[in-house]
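Welcome, and please open your viewer. We will take a walk through one protein, selecting a few things at each stop.

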Amino acid sequence: RRQDKPDAIYWLLKNYPEVRDSDIIKLIGTTKSTVAALRDRTHWNMTNIRQRDPVLLGICSQIDLDRVVEKAKLENTISDNPK
């Protein structure tokens, strides 16, 4: 499962770029440096990483993923429409 985490992180970054790194770290159970390396495309194994759904990999549940995505959308809506 450990080798699948970069694939899951990459999937999240491509499909939900609005999700904060701290939420990805909690959801996937990874480190800040790994997320940053994948975001910058400087990860040591970047050529072998492919986008794969973390739910299908068994890294997180669909409910947890939906919660993180919804939170990110709400935060973006609030920041886009300040009062």
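Here is a tour from the overall fold down to single pairs of residues.

**Stop 1: the whole chain**

Before you select anything, keep in mind that this is a predicted model. Show the chain as a cartoon and follow it from the start: the pattern reads α-α-α-α-α. In total there are five helices and zero strands. Turn the model around, and you will see a C-alpha trace that spans about 45 × 25 × 20 Å along its principal axes. How does the radius of gyration fit a compact globule? For 83 residues such a globule would have a value near 12 Å, and the protein has 13 Å, which agrees.

Now switch on the surface. Its accessible area comes to about 5500 Å², and carbon and sulfur atoms account for 50% of that. Of the 83 residues, 37% are buried. The chain also brings distant stretches together: among contacts with a separation of 6 or more, 66% join residues 24 or more positions apart.

**Stop 2: helix α1**

Select residues 5-15, which form α1. Is this helix mostly enclosed or mostly open? Eight of its 11 residues are buried, so the rest of the structure largely encloses α1. Colour the buried ones: Pro6, Asp7, Ala8, Ile9, Tyr10, Trp11, Leu12 and Leu13. Then bring back the other helices, and you will find that the cover over these residues includes α2, α3, α4 and α5.

**Stop 3: the nonpolar core**

Next, show side chains for Ile9, Leu12, Ile24, Leu27, Ile28, Leu38 and Leu65. These have the most contacts inside the largest nonpolar core, which has 21 residues. Which helices feed it? At least two residues each come from α1, α2 (21-29), α3 (32-40) and α5 (62-80). The largest share, six residues, belongs to α1.

Pick Ile28 for a closer look. Setting aside residues up to four places away in sequence, Ile28 touches Lys5, Ala8, Ile9, Leu12, Pro54 and Ile59.

**Stop 4: two buried residues to click on**

Click on Cys60, in the loop between α4 and α5. Cys60 has a relative accessible area of 11%, so it is buried. Apart from neighbours within four places in sequence, Cys60 is in contact with Leu27, Pro54, Val55 and Leu65. For a distance exercise, pick the C-alpha atoms of Cys60 and Lys73: they are 19 Å apart, with their positions 13 residues apart along the chain.

Now move to Asp23 in helix α2. What is its relative accessible area? The value for Asp23 is 5%, so this residue is buried. Beyond its neighbours within four places in sequence, Asp23 is in contact with Val68 and Lys71.

**Stop 5: the aromatic pair**

Select Trp11 and Tyr16. A search of the whole structure finds one aromatic pair, and these two residues form it. The rings are edge-to-face, 5.8 Å centre to centre, with 65 degrees between the planes. Trp11 is buried at 16% relative accessible area, whereas Tyr16 is partly exposed at 23%. The cut-off for buried is under 20%, so the two residues fall on opposite sides of it.

**Stop 6: salt bridges**

The structure holds six salt bridges, and we will visit three of them.

- Select Arg52 and Asp7, whose closest N and O atoms are 3.1 Å apart. Arg52 lies in the loop between α3 and α4 and Asp7 in α1, so this pair ties together parts 45 residues apart in sequence. Asp7 is buried, at 7% relative accessibility.
- Select Arg20 and Glu75, which meet at 3.2 Å, N to O. Arg20 is in the loop between α1 and α2 and Glu75 is in α5, so the bridge ties together parts 55 residues apart in sequence. Both are partly exposed: Arg20 at 39% and Glu75 at 28%.
- Select Asp21 and Arg39, with closest N and O atoms 2.5 Å apart. This pair links α2 to α3 across 18 residues. Asp21 is partly exposed at 25%, and Arg39 is partly exposed at 36%.

To finish, add Asp4 to Asp7 and Arg52: salt bridges that share partners join these residues into one network.

Terms used. Residues are numbered from 1 along each chain as its sequence is written. This is a predicted model: local features need pLDDT of at least 70, side-chain atom pairs count only at pLDDT 80 or more; totals for chains, interfaces and linings use all residues. Side-chain values use heavy atoms; hydrogens and water are left out. A nonpolar core is a set of buried Ala, Val, Leu, Ile, Met, Phe, Trp, Tyr and Cys residues joined through side-chain atoms within 4.5 Å. Buried means under 20% relative accessible area, exposed over 50%, partly exposed in between (1.4 Å probe, protein chains only). Helices (H or I, at least four residues) and strands (E, at least two) are DSSP runs, numbered from the N terminus. Contact means heavy atoms within 4.5 Å. Rings of Phe, Tyr and Trp (its six-membered ring) pair if their centres lie within 6.5 Å; planes under 30 degrees apart count as stacked, over 60 as edge-to-face and the rest as tilted. The radius of gyration is taken over C-alpha atoms; the globule rule is 2.2 Å times the number of residues to the power 0.38. Accessible areas come from the Shrake-Rupley method with a 1.4 Å probe; for residues, only the protein chains shown count as cover. A salt bridge is a side-chain nitrogen of Lys or Arg within 4 Å of a carboxyl oxygen of Asp or Glu.
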